[in-house]
Amino acid sequence: MKSLYVKFTVTTIAIMLMSGLLSFMFSNFYYQQKLKPENDEKVTTIALQIAEYIEQELLLNLSTYLENIATAGYQLFLIDHAGTTQYYGDPFRVEELASQTKNLVLNGEVYHGIAQFPQETFVTGFFANELSNTIGVPVTYDDQQYALFMRPNIKLLFNEIHILFAWILVLAIALSVVFVLIGARFLILPISKLTAATNEIADGNFSVKLDIDREDELGKLATSFTYMSNQLAVLDDMKNEFISNISHDIQSPLSNIKGYSHLLEKNTVSESEKIQYIAIMNREINRLSNLTKQLLLLASLDRQQELLNKKRYLLSKQIEEVVLNYEWLIHEQDLMVSYTLPDRHIIGDPSLLYNVWDNLLSNAIKYNKPNGRIDLTLTAEDHGIVFCIQDSGIGFTDDVKARIFERFYREDSSRTKTVEGTGLGLSIVLSIVQLHDGHVKVDSSQEHGTKFTVYLPQQSLHQPADR
Ligand code: ADP
């Protein structure tokens with residue numbers, strides 16, 4: 001039973017057969033308990049009335065009368081003390097009857113064979129065409145004692161309407177089997193289509209189209225599947241773009257280093273040129289080292305949550321350390337830095353969050369104007385901590401704002417061309433903040449500079465400090 005189609009049809013037909021069997025058993029039980037005694041009583045009443053009639057109508061021809069009763073739908077058996085027997089109507093399938101029973105009725109007792117008929121699971125006594133499954137009544141005719149046994153002729157009672165019902169039942173079963181076979185195919189078809197589409201995706205074809213138009217769960221599955229394949233296509237494009245960006249960003253410093261090392265090999269290079277070339281090579285090496293560090297960090301951030309090594313620490317102190325690290329650059333560019341950093345604890349991964357403040361501050365320095373300002377503020381709100389860094393730098397337009405968190409995105413303008421960077425800093429910031437369930441807000445204008453606001457939610461800050 002390999003395919004879902006076979007499983008489904010076999011299970012459904014098995015259920016149909018099971019329920020048929022169970023309903024037969026229940027109705028048989030109902031017949032045995034309720035209908036059989038009633039049936040016995042009904043036939044007994046009729047048999048007694050026949051006997052009474054025979055006894056009252058002195059001019060009656062017994063044989064003709066019993067023939068008529070048989071035609072009306074009964075099977076009869078008549079016996080007298082001498083053992084002379086006579087059958088009327090359809091023959092009994094089993095003609096055995098204990099002589100004790102015969103004598104009992106001949107001696108005036110009533111025999112309840114229908115009620116006494118043995119109860120069996122798969123045998124409905126109603127249909128058992130046996131002489132023992134009859135009602136026996138004593139009859140006196142012509143001063144002679146007889147025993148009359150009778151039962152309704154089920155074959156006769158099973159008239160056209162019953163036959164019609166039997167046909168309806170047989171047809172209903174046959175048609176439901178056919179419909180189950182067709183319906184199952186219709187039900188299983190989308191699954192086969194989904195399997196084919198999955199194989200297409202596995203082969204790298206993300207533009208697979210699913211021709212499934214349904215409102216049910218399979219329809220929803222198909223919609224989600226199409227959405228997933230579109231997302232995979234986007235991810236595939238991103239992956240390709242990412243690889244080409246990395247290749248470009250690694251290739252250009254490497255070819256610079258290679259070019260200057262060739263120049264250094266020449267004997268004609270002066271001492272001052274040597275110093276200049278080595279400085280350029282060092283800068284390119286730093287750029288490569290910075291790029292690989294950032295790429296490694298992004299890769300580890302992509303592996304997510306379990307890497308977080310959270311603890312409670314003094315955030316204000318960490319931000320001060322970052323500012324101190326950049327003091328020489330701040331001086332070099334004649335920048336004014338002011339900060340309001342009250343003692344605030346935070347629960348987070350200190351080494352990851354360090355990268356957030358570091359990237360934001362280095363950007364505020366890199367993209368600032370000469371004699372510009374940088375203002376840092378840290379505040380605690382009801383549900384967390386808010387860090388704000390505002391610079392008076394070159395700012396950017398709304399179009400740039402929409403893209404700054406993309407990996408490798410760098411504004412390509414005359415104002416930013418001369419600034420060193422990889423385009424990875426802000427995507428690292430966003431990933432780390434999101435890993436801490438926070439978010440980042442950006443406001444920027446080319447006149448007033450840029451403001452980055454980082455929100456970090458904090459459930460409980462009442463753990464012991466680890467400074
Ligand atoms: P990088 O600084 O290495 O280029 P980032 O991801 O940190 O990469 O920043 C992406 C881009 O966003 C930058 O190239 C720059 O155009 C813009 N940007 C970021 N911070 C600022 C800022 N404070 N002022 C102006 N532009 C900024």
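Here is a short question-and-answer tour of a predicted model.

Q: Why are helix 1 and helix 2 called roughly antiparallel?
A: Helix 1 (residues 4–56) and helix 2 (residues 62–71) pack at an angle of about 155°. Angles over 145 degrees count as roughly antiparallel, so this pair gets that label. Their axes are 11 Å apart, and the crossing is right-handed.

Q: What makes up the contact of helix 1 with helix 2, by class?
A: From helix 1 come Ile50, Tyr53 and Ile54, and they meet Leu62, Tyr65, Leu66 and Ile69 in helix 2. Ile, Tyr and Leu count as nonpolar, so the tally is seven nonpolar residues, with no polar and no charged ones.

Q: How do you know that helix 7 and helix 8 are roughly antiparallel to each other?
A: Check the angle again: helix 7 (residues 217–265) and helix 8 (residues 271–302) pack at about 160°, with axes 9 Å apart. The cut-off is over 145 degrees, so helix 7 and helix 8 are roughly antiparallel. Their crossing is left-handed, and the contact divides into 17 nonpolar, three polar and four charged residues.

Q: What makes the pairing of Asn363 with the ligand a polar contact?
A: An N or O atom in the side chain of Asn363 is 2.8 Å from an oxygen atom of the ligand. A polar contact needs a pair of N or O atoms within 3.5 Å, so Asn363 qualifies.

Q: How do you know that Thr422 makes a polar contact with the ligand too?
A: Here a backbone N or O atom of Thr422 lies 2.9 Å from a ligand oxygen atom. The limit is 3.5 Å, so Thr422 passes.

Definitions and conventions:
Residues are numbered from 1 along each chain as its sequence is written. This is a predicted model: local features need pLDDT of at least 70, side-chain atom pairs count only at pLDDT 80 or more; totals for chains, interfaces and linings use all residues. Side-chain values use heavy atoms; hydrogens and water are left out. Axes are lines fitted to C-alpha atoms, for helices over the stretch in contact, and angles run from 0 to 180 degrees between N-to-C directions. Helices (H or I, at least four residues) and strands (E, at least two) are DSSP runs, numbered from the N terminus. Angles under 35 degrees count as roughly parallel, over 145 as roughly antiparallel, 65 to 115 as roughly perpendicular and the rest as oblique. A crossing is left-handed if the near helix is turned anticlockwise from the far one by less than a right angle, and right-handed if clockwise. Contact means heavy atoms within 4.5 Å. A polar contact is a pair of N or O atoms within 3.5 Å; within protein, one must be able to donate a hydrogen and the other to accept it, and residues adjacent in sequence count only if both atoms are side-chain atoms.
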